[in-house]
Amino acid sequence: MKAKKPLNVWTTAIPLYFEMVAINSIGLVDVFFMSLVADKAVAALGACTQIILVFTLLSRTLCGGAGSIAGQSIGAKNRVRATLAFMYAMLIAIVFGAVFAAMLYVGRALIPTWMGLQGEALGYASTYLAILGPAFFLLSLRLGYSTIVAVKGKSRVNLICALISNAVNLALNAIFVLGLFGAPKLGVVGVALATAVSHLVYLLAIAWVAHKYLHVRFIFVKRVVDRLHELTRPVLGIAIPNCGDLLSYTMFQVVMVSIVIRIDELAAAAYTYVHQAMMFSVLWSFSVSQGQAIWTAHLVGARQYEKVESEVKRSILRCLMFAMPITLVLYSISGQLFPLFSDNPAIVSMATTAMLAYLGIEIGRAFNATLSFSLAAAGDARYPAILGFIFNWLVGVPVAWFMGVHLGWGLIGALAGVAADELVRSPLNYYRLVSRRWIKYPDNQAKR
C-alpha cells in the first residue's frame, strides 16, 4: 500500500499557491479583457474587486476558524469533533454567503459612489456588481469546501478545480467580449458573466470531488446538529479576532483604492494593473501563511510548541526567498509588461514607478501574514488583530493620504502608506512569537 504523504507546510502551501494563482488568474484575465473595453472600465473593476475581496476574505477567515478547530481535532485524534467543525464551516459559508451576496447586489451603485467613482466608470462598476453580487453566494460555498479539502491535506484538489474554472473563464471571456462564434460583444456584462459561471463550475467540481473521492460526509441528524453549538465559541474565538484583523486590513485597502481614485482615474487604472501583476508574489506569502496556519493548528493540537516557533520562522524565510526575487523581476520587466494592458504612457509610467513601493510592502507582508495566521491558529488571534487595526489606521492611511494626495506624489505616495504599515508592524508581531505568550499550557503542564 502506498504510504500516506505526511502533512506539513509544503503539502498545503504549494498546491494552495497554484490554486490561488489559478483563481486570481481569473482576475488577471478579467483585467485584460476589461482593458479592451476601456481604461475607465479597468478602474471600475479595480474598485469592485477590492470590495468583493473584503467579503471573500471574511468568508474565508470565518470558514478558516472552523478549519483550525478541525485541524486541532485531527491532531488530537478526535474525528467526531473534526466532522462537526467541517459542518460548521459549511454552515458559515451558507449564511454569510447569502448575506454578503445581498449586500453586494443592493449596494451595487452606492458602494462604487462611496469609493469615488463617477460617470462612465460608476456605470461600469454598477453593472459588474449587479451580476457578481448574487454570484458571491457560489463563491462562499466554494470557500467552505476549499477549507475542508485543505484541512484534510488535499489542497491539490483545489488546484485542479481552479484550473478547470480558469479555463472556463478564459473561454467565456473570449466569447462574450471578443464576440467569437458569432456571439454578441457584451463588454463589462460579458466579463462579469464569465466570472460568475466560473464560480459555479468551481463549486460543482470541488463539491463532487469532496463527497465522491474524499468521502466528506455531513450527518444531518438531530443529535449531531444539536452539538454544533458546542463549536460556536471556539470557532468564533479564532475567526472573529482574525476577521477583525482582515476586515481592518481589507477596509484599509478599500480606503487606499478610494485615495487612489481621488488622485485620478488613470492612477486607479495603474493601481489595478500593478495589483494584478503583484499577485504572483502576494499569493505566495498568503499561501505559505495559510499552509503554516494549518500546520500550526496540528502542532498545537499535538502540543509541539517548540516546533511551532521554529516552523513559523522558516515560513517567514520561505515567503521572503520567493517574494523578493519575483518583485525585482516584475519591476525589471515592467516597461514591457504594462504596455500589454494599456497604451496610455501616463498609466504605464505610474505603474512602473509604483512597483518600487512593493519592495517594502512584500518584506513586511512576509512577516505579518505568516505571524498573524499562525498566532490565530494557535488561539492568539486577538493580538495581531489589534495590532493590525492600530497600524492600518494610524500609520497606513495618514501616510498614504499625506504623501499621495497632500504632497502630490500620486500612486507611489499612496503605496508608501501600505509599505509603512507593513514594515512598522512586522517586528511587533515577531516579538509576540518569540515571547511565547501565545502558548495555552494545560493545567497539568508547568510553563517553562
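**Entry 1: helix α17**

I began with Glu422 and Arg425, which both lie in helix α17 and stand three residues apart, about one turn of the helix. The model is a predicted one, and I read every value below with that in mind. Between these two side chains I found a salt bridge, with the closest N and O atoms 3.7 Å apart. When I looked up the accessibility of Glu422, I noted a relative accessible area of 2%, so I entered Glu422 as buried.

I then asked which other residue forms a salt bridge with Arg425. It is Asp421, and here the closest N and O atoms are 3.1 Å apart. Helix α17 covers residues 411-435, and within it Arg425 and Asp421 are four residues apart, which again comes to about one helical turn. I checked how far each of the two is open to the surroundings: Arg425 has a relative accessible area of 4% and is buried, while Asp421, at 0% relative accessibility, counts as buried too.

**Entry 2: helix α12**

I moved on to helix α12, which runs over residues 305-332 and holds both Glu311 and Arg314. The side chains of Glu311 and Arg314 meet in a salt bridge, at 3.0 Å from N to O. I wanted to know how the two are placed along the helix, and I found them three residues apart, so that about one helical turn separates them.

Is Glu311 buried or exposed? I noted 10% relative accessibility for Glu311, which counts as buried because the cut-off lies at under 20%. Arg314, by contrast, has 42% relative accessibility and counts as partly exposed. Following the contacts further, I found that Glu311, Arg314 and Arg318 are linked in a network of salt bridges.

**Entry 3: the count**

How many salt bridges does the count come to? I recorded seven salt bridges, among them the Glu311 and Arg314 pair, the Arg425 and Asp421 pair and the Glu422 and Arg425 pair.

**Entry 4: cysteines**

Lastly I searched the whole structure for disulfides and found zero. A disulfide is a covalent bond between the sulfur atoms of two cysteines. I therefore looked up the sulfur of Cys161, whose closest cysteine sulfur, in Cys63, is 16 Å away and too far for a bond; the cut-off I needed for this step is 2.5 Å. As for accessibility, I noted that Cys161 is buried, with a relative accessible area of 2%, and that Cys63 is buried as well, with a relative accessible area of 0%.

Terms used. Residues numbered from 1 in each chain as written. Predicted model: local features only at pLDDT ≥ 70, side-chain atom pairs only at ≥ 80, totals over all residues. Heavy atoms only, no water. Salt bridge = Lys/Arg side-chain N within 4 Å of Asp/Glu carboxyl O. Buried < 20%, exposed > 50% of the residue type's maximum accessible area, 1.4 Å probe, protein only.
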